[in-house]
Amino acid sequence: MPWIVGVSGASGTPYAGAVLRALLAAGESVDLVVSRASRLTLLDETGISFRDGHWREDLGEWLSRGADGKPGSYEVELSGVRYWAAGDLAAGPSSGSYPSRGMIIVPASTACVAGVALGLSKDLLQRAASVVLKERRPLVVAVRETPLNGQTLRHLVTLDDAGASVVPTSPAFYAGATHIQDLVDFVAGRVLDSAGVPHGLYRRWKGELGAGGARAD
């Protein structure tokens with residue numbers, strides 16, 4: 001069964017890229033939904049135009065880049081990915097009878113958070129999230145915004161009450177980050193921890209003070 005991965009319009013496409021690469025590296029299947037707004041963010045942050053008709057080519061180019069934007073940094077096998085257009089409300093993930101392990105929204109904009117919390121289902125991303133919640137499957141929401149106003153905080157509490165895991169995209173420094181990709185991978189790793197997917201994206205805390213000064217290979 002696949003993980004549904006929704007990419008919304010918040011800044012943070014490197015987070016989505018790191019999560020997708022790690023899921024595929026772990027042997028997981030992925031059903032991908034890229035919102036219309038996220039295409040603008042992807043174009044702004046990477047220069048890549050994501051097109052429905054050329055999604056495999058565009059996704060491959062996107063996932064080959066690290067947080068520094070350098071092409072060809074990663075080799076990724078995309079055979080485990082199935083793509084669904086955001087406007088396709090008849091897609092598999094729109095139904096509770098469609099099997100999935102759960103859903104990860106990364107990054108999650110405040111507009112996406114509001115839509116899911118209110119059950120708006122204005123596109124496939126929001127509809128798939130609503131389905132995952134009603135079927136009591138895992139939903140991980142990697143919210144990316146600062147500062148957070150009261151309205152968004154209330155929406156996040158609603159999602160938590162509904163059983164979702166809310167993961168702010170807040171990197172930590174105890175893992176001994178030496179590059180921007182290390183900070184991105186820490187956040188991606190915490191997202192995957194919440195989903196229960198094994199990975200090796202960051203050095204875990206072992207109760208040894210000062211260990212972050214010498215990052216393990």
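Biologist: Which residues have the most contacts inside the largest nonpolar core?

Modeller: Start with the general idea. In soluble globular proteins, nonpolar side chains tend to be buried together. Now the case here, bearing in mind that this is a predicted model. The largest nonpolar core has 38 residues. Leu23, Leu32, Phe50, Leu59, Trp62 and Ile104 have the most contacts inside it.

Biologist: Which helices and strands each supply at least two residues of this core?

Modeller: The strands are β1, β2, β3, β4 (102–108) and β5 (139–143). The helices are α1, α3 and α7 (180–195). The most comes from α1, which gives 8 residues.

Biologist: What does Phe50 touch, leaving out residues up to four places away in sequence?

Modeller: Its contacts are Leu32, Val34, Arg39, Leu42, Trp55, Asp58, Leu59, Trp62 and Tyr83. There is also a second, separate core of 25 residues. Val33, Ile105, Val116 and Ala117 are among its members.

Biologist: On to the sheet. What is the order of its strands?

Modeller: Read across the sheet, not along the chain. The order is β3-β2-β1-β4-β5-β6. The sheet is open, has 6 strands and pairs in parallel. At the edges stand β3 and β6 (165–166), each with a single partner strand, so one side of each lacks a neighbour in the sheet.

Biologist: How many bridges join β5 and β6?

Modeller: They pair in the parallel sense over 2 bridges. Take one residue as an example: Val140 has Ser165 in β6 as its bridge partner.

Biologist: Which strands does α3 touch as it packs on the sheet?

Modeller: Helix α3 touches β1, β2 and β3. Its direction makes about 115° with that of β3. Helix α4 (residues 110–118) also packs on the sheet, touching β4 and β5. The direction of α4 makes about 145° with that of β4.

Biologist: Now helix against helix. At what angle do α1 and α3 pack?

Modeller: The general idea comes in two parts. Two packed helices are described by the angle between their axes and the distance between the axes. Here α1 and α3 pack at about 100°, with their axes 10 Å apart. That makes α1 roughly perpendicular to α3. At the contact, Thr13, Ala16, Gly17, Leu20, Arg21 and Leu24 of α1 meet Leu59, Trp62 and Leu63 of α3.

Biologist: Let me try a single helix. Which residues of α2 are buried?

Modeller: In α2 (residues 36–46), Ser38, Arg39, Thr41 and Leu42 are buried. Look down the helix axis: these residues fall within an arc of 165°, so they line one face of α2. On the other side, Arg36, Leu40 and Asp44 are exposed.

Biologist: What do the buried residues of α2 pack against?

Modeller: They pack against three strands, β1 (3–7), β2 (30–34) and β3 (81–85). They also pack against α1 (13–25) and α3 (55–63). After α2 comes Gly47, with a positive phi near 80°.

Biologist: Last, two single residues. Is Ser130 buried or exposed?

Modeller: Compare its relative accessibility with the cut-off: under 20% means buried. Ser130 is at 15%, so it counts as buried. Ser130 lies in helix α5 (residues 124–134). Beyond four places in sequence, Ser130 touches Gly119 and Ser121.

Biologist: And what does Phe186 contact, leaving aside its neighbours within four places in sequence?

Modeller: Phe186 is in helix α7. At 5% relative accessibility, Phe186 counts as buried. Its contacts are Ser170, Pro171, Ala172, Tyr174, Ala175 and Tyr202.

Note on methods:
Residues are numbered from 1 along each chain as its sequence is written. This is a predicted model: local features need pLDDT of at least 70, side-chain atom pairs count only at pLDDT 80 or more; totals for chains, interfaces and linings use all residues. Side-chain values use heavy atoms; hydrogens and water are left out. Buried means under 20% relative accessible area, exposed over 50%, partly exposed in between (1.4 Å probe, protein chains only). Helices (H or I, at least four residues) and strands (E, at least two) are DSSP runs, numbered from the N terminus. The arc is that of the directions from the helix axis to the C-beta atoms. Contact means heavy atoms within 4.5 Å. A nonpolar core is a set of buried Ala, Val, Leu, Ile, Met, Phe, Trp, Tyr and Cys residues joined through side-chain atoms within 4.5 Å. Two strands pair if DSSP finds at least two bridges between them. Axes are lines fitted to C-alpha atoms, for helices over the stretch in contact, and angles run from 0 to 180 degrees between N-to-C directions. Angles under 35 degrees count as roughly parallel, over 145 as roughly antiparallel, 65 to 115 as roughly perpendicular and the rest as oblique.
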